[in-house]
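Good morning, and thank you for the time on today's agenda. I would like to take you through one structure, element by element. Please have the display in view as I speak.

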Amino acid sequence: MSSTIWSVDDHLEDILAAVKPLEPIELQLPDAQGCVLVEDVTVQIALPPFDNSSMDGYAVRTADVTGASEEFPAVLTVIGDVAAGSGETLTVGPGQAARIMTGAPLPPGAEAVVPVEWTDGGTGGGPAAAMRAHSAAPEGASGEVRVHRPVEARAHVRARGSDVQVGDLALEAGTVVGPPQIGLLAAIGRATVKVRPRPRVVVLSTGSELVQPGEELAAGQIYDSNSFALTAAARDAGAIAYRVGAVTDNAETLRATIEDQLIRADMIVTTGGVSVGAYDVVKEALSSVGDEDVPGSGIDFRKLAMQPGKPQGFGSIGPEHTPLLALPGNPVSSYVSFELFVRPAIRALMGLKDVHRPTVRATLSADKPLSSPAGKRQFLRGTYDEESGTVTPVGGAGSHLVAALARANALITVPEDATTAEPGTEVVVVLLG
């Protein structure tokens, strides 16, 4: 461990310089959700692929309904049904109409669609309220229909290619594949797409005092909350996250556990055991794991000019040089460290351009000035109110206050060169989404 004190920005820069985006793979659409496209996707098939009806009604020639009114309806011969997805083709000749359903292709000869509400629906009565089902009124598909209003050419017709044309750019490289993008890809016939996969992140907590939730606590034990919080945070950042329950304070066991996990990890995150106590097992287990011949491999344990979260470890491990971030064991320190260092690294693995949480300037709303240690960047939990543009601290400065973290939606930043932040002044706030 070097005696240098690292700044938050330098430590993060070091991490991001070492973390390279994952190699692209071809994935089925459902598996591509949340991933970043690495190719431009062009349209191979126009949408819609054919002229189709936007209404239930009758496909007609416009000349046949010119001047039609309720008093003097145009009377047309119904030659049959055109349903969405039906392969049969009817040709509409002079004086004829075809019953057509929404989404069905406009038959040859027809120039427009008359909505069913502008007709008698083939019943010989007044205006129809709706199209009757073919099964309930087979006679509606033949016989006559009275049309009460004229239509212009192309009325109620969705033109072929009016959504996208062949050769159009559907999605560009760098797009995150969400539900609407998956819908578009499916609509243009793409079953798979080339993306960077979601990174697999293994989270493990260390500490012989840790017990899994649901079990009984003995004297001196606490529940393992970090592995749950950080696994959820990794998933929230876009990763596929695996949680390994607490590992006891034994360097050999820990090293063996980490080596076992490398097979399924694009990144490993440990929590606990990184400061300067006698039982700081992560440091003991990982201080000597580097390959001599690989510059920058191995884990470097550092002190950072920040509060909470001073002790941090970062490096790579194993034959694939898998990035490993070692975070403090304190619940709030570990979560703040995750937000500042691990989340950007996960998003860099995904190939996202913007890896950072958004920051805003907000007015500090507090009863008294906030104090901050000189030379350290302090991160305090806060609740940010977008409407008023204010941020209010929650809980104290203690790094063990998990309850306050659960109520916070932001981190209030007090810079290294400030020792106080006065109520009513502007502060920089990291929004936790």
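I shall describe the sheets, then the helices, and finally some individual side chains. Please keep in mind that this is a predicted model.

Let me begin with a general reminder. The strands of a sheet pair through backbone hydrogen bonds, and the pairing is either parallel or antiparallel.

One open sheet here has 7 strands, in the order S1-S19-S21-S22-S18-S14-S17, and its pairing is mixed. At its edges are strand S1, residues 5-6, and strand S17, residues 240-247, each of which pairs on one side only. Within this sheet, strand S14 (residues 200-206) and strand S18 (residues 267-271) run parallel and are joined by 5 bridges. As an example, Val201 has Met267 in S18 as its bridge partner. Helix H1, residues 8-18, packs on the sheet, where it touches S1, strand S19 (298-304), strand S21 (311-317) and strand S22 (322-327). The direction of H1 makes about 15° with that of S21.

Another open sheet consists of 3 strands in the order S2-S13-S3, with antiparallel pairing. Which strands stand at the edges of this sheet? They are strand S2 (25-28) and strand S3 (36-37); each has a single partner strand, so one side of each is left without a neighbour in the sheet. S3 pairs with strand S13, residues 192-196, over 2 bridges in the antiparallel sense. Here Leu37 stands opposite Val195 in S13.

I turn now to the helices. Helix H6 covers residues 331-349 and has a kink of about 45°, centred on Phe338. Of its 19 residues, 18 are buried, so H6 is largely enclosed by the rest of the structure. Just after H6, Gly351 takes a positive phi of about 85°.

Helix H4, residues 251-261, contains Ala256. Is Ala256 buried or exposed? The residue is partly exposed, because its relative accessible area is 37%, and the category lies between under 20% for buried and over 50% for exposed. Ala256 and Asp168 are 88 residues apart along the chain, and their C-alpha atoms are separated by 52 Å.

Lastly, the aromatic rings. The count of aromatic pairs comes to 0. Charged side chains do, however, sit over rings. The charged end of Arg302 is placed over the ring of Trp6, 3.5 Å from its centre. Arg264 lies over the face of Tyr242, at 4.3 Å from the ring centre.

Thank you for your attention.

Note on methods:
Residues numbered from 1 in each chain as written. Predicted model: local features only at pLDDT ≥ 70, side-chain atom pairs only at ≥ 80, totals over all residues. Heavy atoms only, no water. Bend = angle between axes of the 7 residues up to and from the residue. Helix = DSSP H or I, 4+ residues; strand = E, 2+ residues; numbered from the N terminus. Buried < 20%, exposed > 50% of the residue type's maximum accessible area, 1.4 Å probe, protein only. Pairing = 2+ DSSP bridges. Phe/Tyr/Trp six-rings, centres within 6.5 Å; stacked < 30°, edge-to-face > 60°. Lys NZ or Arg CZ within 6 Å of the ring centre and 35° of its normal. Contact = heavy atoms within 4.5 Å. Axes fitted to C-alpha atoms, helices over the stretch in contact; angles between N-to-C directions.
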